[in-house]
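Please open the model in your viewer and keep the sequence panel visible beside it. The stops below suggest what to select, one after another, and say what can be found there.

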Amino acid sequence: MNEHGFVPFSAAGALIVILALVLVAQASLSGHQRSLWDIDDASSSSLLTKARTIHADLQSTARQSVYLALSEVGKRASEYTNTTRKAAIESLAADHFAERVTELASEYVEHDARIDLDIAETSPPFFEVSESEFGYVSTLASLPAGSRIRLTSWDEKTELAITFEKVYVFVDSRYFLLERSMDNFLRDLGNINSLWQTMEYTQTIAAGLLTGKVELNASRSKALFESAWALHELKTFGSSDYWRQAQRLLCIESAGAGFLADPMQSTSREKIYEIFPPVPIKSHPGLSVYHEIRIKSVSYKRQDLAGMLGLQTATPIPVVKTGTIIWWAQWEITVELCDNPVEEIFDFENPTLPIFFATSYVHKPLAYRWELSEKKFKTVVTAFNIKPFSVFVR
Amino acid sequence: MDKGIGQVADILVFALLISIAITALSAVVLVDLRVEVSLYASNLAQSTLLSFQYSTAEQFGGFEYQLGAFGFEANFPLAMESTRRDLRYKTLCQLIEETALLNLRVEVAGVAVPLLRPNMAMEGCLEVLLKRVLDLTVGGKFEYRLLVRTVPVDLGFVQLIFEMEISKLSGTKDQMCSETMALSLPTTEEELMEILRPFKSVPSVAFDPDPIIEVGLELWS
């Protein structure tokens, strides 16, 4: 046991400590270098994230501009053709966006001096709206070439620029569905007369021909006309203005209950619908309906010979072959309205537009309002019977 | 005997020196690890904020709230349906912007003015949604605090303000990072003045609104 090691333990330990210290120094140096790189990297990454969030915020601004444009144009839909209406939406959205972006450019800088929103002023922004699935709106906002978001790091070592020339935005409002539905309603407006005629004829058969007396009643014709209107709404929009219908059916107006007679003047009623749209009768396509039809007068004009001579009796038509007489009466009913009727539909399923209302903001559904030009609606009822009958106006 | 003592002393010195070497090396490793975690947290926070811009509420189970009927509780089914606001296609950032816009509070001399708040439920629903999202994205790794704040009008004695805080913090922790993003409040000077009008606080001269919403996400470990 008289053997000796190569070096004493303490000498080996000292050597290890020296090696460890060298390693620590090396690691610290490389760590410092890596930290510098990491800081640069983090700074670049942070700048890139900031640029992307600003890009997305501008997208959001573009969407808000389309919301406003849709809201404004939708309320005056009947003032445009389909082509000019789309152009008006695009133009208004571009105006709102241009105004907003100019303000935002300075506001971003106030909050973060690294940001520079460089919107080229060679031409105004251009918006193009198109139909997306289920009648929603897609928008492509085009800014002048050269528009970009530029960011500079605090140490001004890193500079980043991302282009902001084309922005795609999805708008969660079914404008195109509303437009198409209203087009269908207007195209088939004649259906109201057909439905009204059918209902008048059924009433005539039921109440008149069996008893020999056909009574032409203005209140009834008014109610039947309004029911025909509601049925046409139901067929086209999947709903009708049933609150208004219910109000009429309850005869609130004729009951003379002053405080209930017109609880919602048309304007305020419309505003209430804008915020609290009635639930659609059918879940598809999910539209709420408002209408304003104020009937001024209902008039009847006999078109058969006896009637034209001012007689209440129907016109007898002898059938020579059988020797019998068929009694014929025909009359035209005209409903005249006080004002142009208003038809308005709301995207009940998407109450998504943050719009200023009174003294606060609320989410409203997009409205599509149409003022019809027709103030007179006519239908003709023809009745035949083998027994004599009379027609009189009550 | 002396030789034996010398050997023991030699071994003890050796052990001491080895300990010093290990301590020096481990300190370097620990410092490095903390920097790594901090960087990771920072990247995660940035990605999370960025995802708010592009993720829709629908991806996290949807978003809807009930509009208060301006002071009346609408409890019958038809009215409930009419006051329901389904905003599933909006991005999380849009929801933050619109919640702030629809829930601006008026403070006079630092005291909140009681108002009818028809959109109050939206704020609560957003808090629930954002908490769900943060639990999913960062909750498994870090504790967090999300702060949303905007003061679009500050006239000294009267302010229009919105603040929201969502957090999951327990006990004393180390803050790993704090990342912010700026959103804009979709409003105009005229509309802000209309909100102030009932309080007779509309300034006689034009004022410069500041419609930027600051959204900050802190991650703690």
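Before the first selection, one term is needed: two strands are said to pair if DSSP finds at least two bridges between them. Please also keep in mind throughout that this is a predicted model.

**Stop 1: a hairpin in chain A**

Select residues 126–131 of chain A, which form strand β2, together with residues 137–142, which form strand β3; these two run antiparallel and are joined by six bridges. Within this pair, Glu128(A) has Leu140(A) in β3(A) as its bridge partner. If you then move to the five residues between the strands of this hairpin, you will come to Phe134(A), which has a positive phi near 65°.

**Stop 2: chain A as a whole**

Now widen the selection to the whole of chain A, in which there are nine helices and 17 strands. Its C-alpha atoms fill a box of roughly 155 × 65 × 50 Å along the principal axes. The radius of gyration of chain A is 38 Å, whereas a compact globule of 394 residues would have one near 21 Å. Of the residues in chain A, 35% count as buried, and among its contacts between residues at least 6 apart in sequence, 75% join residues at least 24 apart.

**Stop 3: chain B as a whole**

Select chain B next, and follow its five helices and eight strands, which from the N terminus on run in the order α-β-α-β-α-β-β-α-β-β-β-α-β. The C-alpha trace of chain B spans about 100 × 45 × 25 Å along its principal axes, and its radius of gyration is 27 Å, where a compact globule of 221 residues would have one near 17 Å. Buried residues make up 34% of chain B.

**Stop 4: the sheet of chain B**

Which strands make up the open sheet of six strands in chain B, and in what order? Reading across the sheet, the order is β4-β3-β6-β5-β8-β7, with antiparallel pairing. The edge strands are β4 (111–112) and β7 of chain B, each of which pairs on one side only. Select β3(B), residues 105–108, and you will find that two bridges join this strand to β4(B), the two running antiparallel; here Glu107(B) stands opposite Ala112(B) in β4(B). Then add α3(B), which packs on the sheet and touches β5, β6, β7 and β8 (212–220) of chain B, its direction making about 120° with that of β8(B).

**Stop 5: where the chains meet**

Show both chains together and look at the region of contact, where 51 residues of chain B are in contact with 47 residues of chain A. On the side of chain B that touches chain A, at least two residues each come from α1 (2–54), α2 (77–82), α3 (92–102), β7 (175–184) and α5 (189–196) of chain B. The largest share, 21 residues, is supplied by α1(B). If you colour this side of chain B by class, you will see 31 nonpolar, nine polar and 11 charged residues.

**Stop 6: helix α5 of chain B**

Finally, select α5(B), whose buried residues are Leu192(B), Ile195(B) and Leu196(B). These residues lie on the same side of α5(B), because they cover an arc of only 100° around the axis. The buried residues of α5(B) pack against β14 (360–364) of chain A, together with β5 (143–154) and β6 (158–168) of chain B.

Methods. Residues numbered from 1 in each chain as written. Chains lettered and ligands numbered in written order. Predicted model: local features only at pLDDT ≥ 70, side-chain atom pairs only at ≥ 80, totals over all residues. Contact = placed C-beta atoms within 7 Å. Helix = DSSP H or I, 4+ residues; strand = E, 2+ residues; numbered from the N terminus. Nonpolar A, V, L, I, M, F, W, Y, C, P; charged D, E, K, R; others polar. Buried ≥ 20, exposed ≤ 12 C-beta atoms within 10 Å, placed from the backbone. Arc of directions from axis to C-beta. Rg over C-alpha atoms; globule rule 2.2 N^0.38 Å. Axes fitted to C-alpha atoms, helices over the stretch in contact; angles between N-to-C directions.
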